[in-house]
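Here are my notes on the model you asked me to look over. I went through the sheets, then one helix, then a single side chain.

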Amino acid sequence: MKSMLIIGLGRFGTHLCMDLSRLGNEIMIVDQDEAKLEDLLPHVVSAKIGDCTNEKVLKSLGIGNFDICFVCIGSNFQSSLEITSQLKELGAKYVVSKANRDIHAKFLLKNGADEVIYPDRDISEKVAVRFSANQVFDYVELDNGYSIYEIAPLPEWVGKSIREANVRAAYNANIIGIKDEGGMKLMPGPDYVFQKNEHLMMIGHQRDIEKIVRRL
């Protein structure tokens, strides 16, 4: 369990609040619009109406007590930048700020953000990958160009073992799980035999796994 502060309750901030709450975190939310706070009250330990560009408002929140501070303001970059900078000056341990453009991200990182997220861009990339091939069921981007794909097995793999298909040598990718109606089998051994209707959880460099995806 972590202590989180979320500033700005647009669509992203609202969904973030509910997801973090579901995972058992303690959350405080702040927004200038009281109506945005009301629906989230059952999910948080504290809520406050206020303009966080005002340093007095930020000081009243006890910034140093939070493990992570999220700045989820997307419509007013100047406000996002000011709040990000002030959070760090007030002793925030870790600041994550939302950005819509690369130039915004650069300024946020230079002015106190420990990490910048692009929710709209990240979602569009995930949707593009998933719907570009019929047999891609999910996709998670990792660091340094690596990704995890949930895909169907290639037709020529069905009935063969992982060793016989020689997946790692042929595609420089690893199978970390097999998903079927019975659930998830993690880290299957080399003698595991591929079945037609299962999903493979594969990890590797995106360019390598895309070679498999193009053959599905």
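The numbered points below take the model piece by piece.

1. First, a caveat: this is a predicted model. Please read everything that follows with that in mind.

2. The parallel sheet. Six strands make up an open sheet, and their order is E3-E2-E1-E4-E5-E6, with parallel pairing. The edges are strand E3 (46–49) and strand E6 (115–117), each of which has a pairing partner on one side only. On average, neighbouring strands of this sheet are turned by 15 degrees against each other, ignoring direction.

3. Around E1. Strand E1 (residues 3–7) is joined to strand E2 (residues 26–31) by five bridges, and the two run parallel. E1 also pairs with E4, again in the parallel sense, over four bridges. Met-4 is a handy landmark here: Ile-27 in E2 stands opposite Met-4, and so does Ile-68 in E4.

4. Strand E4. Is this strand buried or exposed on its two faces? In a regular strand, side chains alternate between the two faces of the sheet. In E4 (residues 68–71), Ile-68 and Phe-70 lie on one side, Cys-69 and Val-71 on the other, and all of them are buried, leaving both faces covered.

5. From E4 to E5. E4 and strand E5 (residues 95–98) pair in the parallel sense over three bridges, with Phe-70 opposite Val-96 in E5. The chain gets from E4 to E5 by way of helix H4 (residues 77–89), and this β-α-β crossover is right-handed.

6. Helix H4 itself. This helix has 13 residues and reaches 18 Å from first C-alpha to last, close to the 18 Å expected at 1.5 Å a residue. At its start, a side-chain oxygen of Asn-76 comes to within 3.2 Å of the backbone nitrogen of Gln-78. Just after the helix, Gly-91 adopts a positive phi of about 95 degrees.

7. What is buried in H4, and what covers it? The buried residues in H4 are Ser-79, Ser-80, Leu-81, Ile-83, Thr-84, Gln-86 and Leu-87. Their cover includes strands E1, E4 and E5, along with helix H3 (55–59) and helix H5 (102–110).

8. The antiparallel sheet. Five strands form another open sheet, in the order E7-E8-E11-E9-E10, and here the pairing is antiparallel. Strand E7 (136–141) and strand E10 (183–186) are its edges, each pairing on one side only. From one strand to the next, the twist averages 20 degrees. At the E7 end, five bridges join E7 to strand E8 (residues 146–151), and these two run antiparallel. If you want a register check, the bridge partner of Val-136 is Ile-151 in E8.

9. An acidic side chain to look at. Asp-208 sits in helix H9 (residues 206–213). Why does Asp-208 count as buried? The cut-off is under 20% relative accessible area, and Asp-208 counts as buried because its relative accessibility is 8%. Which residues does Asp-208 touch? Leaving aside residues up to four places away in sequence, Asp-208 touches Tyr-171 and Asn-172. With Asn-172 there is also a polar contact of 3.3 Å between the two side chains.

Key:
Residues numbered from 1 in each chain as written. Predicted model: local features only at pLDDT ≥ 70, side-chain atom pairs only at ≥ 80, totals over all residues. Heavy atoms only, no water. Buried < 20%, exposed > 50% of the residue type's maximum accessible area, 1.4 Å probe, protein only. Pairing = 2+ DSSP bridges. Right-handed = clockwise from strand over helix to strand, strands pointing away. Axes fitted to C-alpha atoms, helices over the stretch in contact; angles between N-to-C directions. Expected span 1.5 Å × (residues − 1). Contact = heavy atoms within 4.5 Å. Polar contact = N/O pair within 3.5 Å; in protein donor to acceptor, adjacent residues only side chain to side chain.
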